[in-house]
Amino acid sequence: MKIPNYIFLILFFFGSLAVAQTPQEKQKVDIKSGYLEKKPEFPDAIIYTKDEAGQVYIVHEGIEMWCDQAYVYLKENFVKAYGSVRITQADTINMRSKYAEYNGNTQFAFASGDVVMKEPKTTLKTDTLYFDRIKQQAFYRTGGTVIDTASTLTSRIGRYYAKDKKYQFLSNVVITNPDYIVNSPQLDFYSETGGAYLYGASTIESDNSTVYCDRGYYDTRKKTGHFVKNSRVDYENRILYGDSIYFDQEKSFASATNNIKVLDTVNKSIIRGHYAEVFRAKDSVFITKRAVAITLRDNDSIYVHADTLQVTGKPENRIIKGFYRARLFKRGLGNEQPTSGKCDSIFVDQKSGITKLLRNPVLWTGDNQMTGDTIHLLSNTVTEKLDTLKVFNNAFLAQKDTLGTGYNQTSGERLIGLFHNNELDTVNINKNAQVIFFSRDEEQKLVGINNTTSSNIQMYLEDQQVRGIRFIKQAKGKVYPPSQFPENARILPGFNWRGEERLLTVEDLFKGKPRPVLPKINGIPLPEDEGEFFEEMDEEELDLPPESKLKPEDLQNREDDPKQRTRQSEEQQEGKIKNDSILEDNSEENK
């Protein structure tokens, strides 16, 4: 039965009067347009249907609603809306669905059926959505998708904070972008900036890299991030670890601070320090603050340290450069004595197996000290064992006499040493060679001091000690009785004993160098506890009209849903662990 227009006007007039209330009363929903009718089967409802003027239009305290048909329960101050439902709140929320409910007393809305909620920069799609106007929060727990200007975010549980323009996602959170995919168990996303905070074991995967962290921030639009707590970046053949990592995907760049480790998976090497920069596109690593490169060769570790280390080149042609106060150490296997060196700068070509000690270098192999303008140390690229030693210009070899009487010394223009099983076996001194050698008999009694000049000298070593000398084109010299060779003549020109600088342990790489002052890392704390979306209350407190499709259990938090990790929950967990530890200690003492 169609109700005459004059009756509609009378009802609308008295309906409008009904909204004039005392401040303590709830403001009633206001139906602005629509074709009105009553149906006997719905005695408590006034039904409004769209007409030729347009959809049913309803307003309430700043919220507007349009739909094809509305069931309005004036006594309950409650609306059920059907067909092309749209709900807007100023310029912050625009929500569409097939069905919606709105409770004017609690200002609580519920939408279902192809729900789409839009705010200025994102669009949320879900099956079922709850919206609390008092809290200014929306919530879903049956799966949802948020479409951002740059990415698409999906999760099983989501919560939107309209005031902060923040989404809080829980359970299987995924951000999909043409250039990367983010996975996280808990993620806060700010729609204004595109910033995402990751909580829990999270990953960011792209074609060229994978980021891992337990706590981090990622700008989904600029593709930059900051990661702390178990953070690392995996490139194709390098893995970067650090207490704090900055990452720029567009520039293929990452930097790390404090307790750095860069693992080269191809060349079996590790670089450590406290500040590092990695340029993936340039195949370059720069590291400072107690920087040390460790390479595994022949089941032994070779350590290279300098104030600054730079590693460049493709995996098959890695180059290590060390600048300022560089040091080298190789421990040696079994009974091998360590090999170590010091210089101003160092150069290592891993492909050719050559190590260059540059500017004021000194090298020790066993008890033999070698100095010169430049020192080259070559390894066999197949066996990975030390092969050849070359000292260029002002070459000088010295070792303490076995009983400490003096120093065995050899000098010349160039020195070439040959290794056998990583120990110096033969030494050739070429051009203007000189030698001072303390000769002893089988009982180690000093029998003479050899002081000879020759164009070339060849020395033979056993257990790193000189056992024999061969002179080529001897010029002059002889073996002097000890009493006839004065003390002041027992040192060759250019002699400089640096034995106190010799590296005997790995720790000596940093001997005499102060520990760097490390910056304090500003972590990313867990979010504050903002409470559950649904308030814990009895059914009679819910103010849920009997006409609603919702049941009381729909407006309650579920025990089996994953809970948000917050700063407060973490503190409670840490407190529980501490208390359990105290109780366990007390129990052990009582035993």
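## Close-up views of a predicted model

**View 1. A lysine caps a tyrosine ring.** The charged end of Lys549 is placed over the ring of Tyr99, 3.9 Å from the ring centre. This view, like those that follow, comes from a predicted model. A second lysine in a similar role is Lys135, which lies over the face of Phe533 at 5.9 Å from the centre of that ring.

**View 2. Phe533 belongs to an aromatic cluster.** Join Phe533 with Phe108, Phe110, Tyr130, Phe139 and Phe534, and you have one aromatic cluster. The structure as a whole holds 27 aromatic pairs. One of them is Tyr130 with Phe139, a tilted pair with 6.4 Å from centre to centre and 40° between the planes. Tyr130 and Phe139 are both buried.

**View 3. Tyr160 and Tyr167 form a tilted pair.** Here the ring centres are 4.6 Å apart and the planes of Tyr160 and Tyr167 meet at 45°, so the pair counts as tilted. Both tyrosines, Tyr160 and Tyr167, are buried.

**View 4. Leu328 sits buried in strand β25.** The strand runs over residues 319-330 and includes Leu328. With a relative accessibility of 4%, Leu328 falls below the 20% limit and therefore counts as buried. Take a look at Leu509 too: 181 residues separate Leu328 from Leu509 in sequence, yet their C-alpha atoms are 7.4 Å apart in space. Beyond its neighbours within four places in sequence, Leu328 is in contact with several other leucines, including Leu357, Leu363, Leu377, Leu503 and Leu509. Its contacts also include Ile302, Tyr303 and Val304, as well as Thr339, Ser340 and Gly341.

**View 5. Strands line the largest pocket.** The volume of the largest pocket is about 440 Å³. Its lining has 29 residues, and those closest to the pocket centre are Thr295, Arg297, Gln350, Gly353 and Ser379. Strand β25, the home of Leu328, supplies at least two residues of this lining, as do β23 (284-297), β24 (300-312), β26 (339-349), β27 (354-358) and β30 (374-379). Sorted by class, the lining of the largest pocket has 11 nonpolar, 10 polar and eight charged residues.

**View 6. Charged residues help to line the largest cavity.** Across the whole structure, a search finds four cavities of 30 Å³ or more. The largest cavity has a volume of about 50 Å³. Around it you will find Tyr235, Glu236, Asn237, Arg238, Val278, Arg280 and Asp283. This lining divides into two nonpolar residues, one polar and four charged.

**View 7. Thr410 is a buried threonine in strand β32.** Strand β32 covers residues 407-420, with Thr410 among them. The relative accessibility of Thr410 is 1%, so this residue counts as buried. Setting aside residues up to four places away in sequence, Thr410 touches Ala395, Phe396, Leu397, Ile429, Gln434, Val435, Met459 and Leu492.

**View 8. Ser84 and Asp114 have positive phi values.** Most residues other than glycine have a negative phi. Phi of Ser84, however, is near 45°, and phi of Asp114 is near 50°. Ser84 is in strand β7 (residues 78-89), while Asp114 is in strand β9 (residues 108-119). How exposed is each of these residues? Ser84 counts as partly exposed because its relative accessibility is 49%, whereas Asp114, with a relative accessible area of 53%, is exposed. The cut-off that separates these two classes is 50%.

Notes: Residues numbered from 1 in each chain as written. Predicted model: local features only at pLDDT ≥ 70, side-chain atom pairs only at ≥ 80, totals over all residues. Heavy atoms only, no water. Phe/Tyr/Trp six-rings, centres within 6.5 Å; stacked < 30°, edge-to-face > 60°. Buried < 20%, exposed > 50% of the residue type's maximum accessible area, 1.4 Å probe, protein only. Lys NZ or Arg CZ within 6 Å of the ring centre and 35° of its normal. 1 Å grid on protein atoms, 1.4 Å probe; cavity = no way out; pocket = protein on both sides within 12 Å on 5 of 7 lines; lining within 4 Å. Points joined across faces, edges and corners; volume = space filled by probe spheres on them. Nonpolar A, V, L, I, M, F, W, Y, C, P; charged D, E, K, R; others polar. Helix = DSSP H or I, 4+ residues; strand = E, 2+ residues; numbered from the N terminus. Contact = heavy atoms within 4.5 Å.
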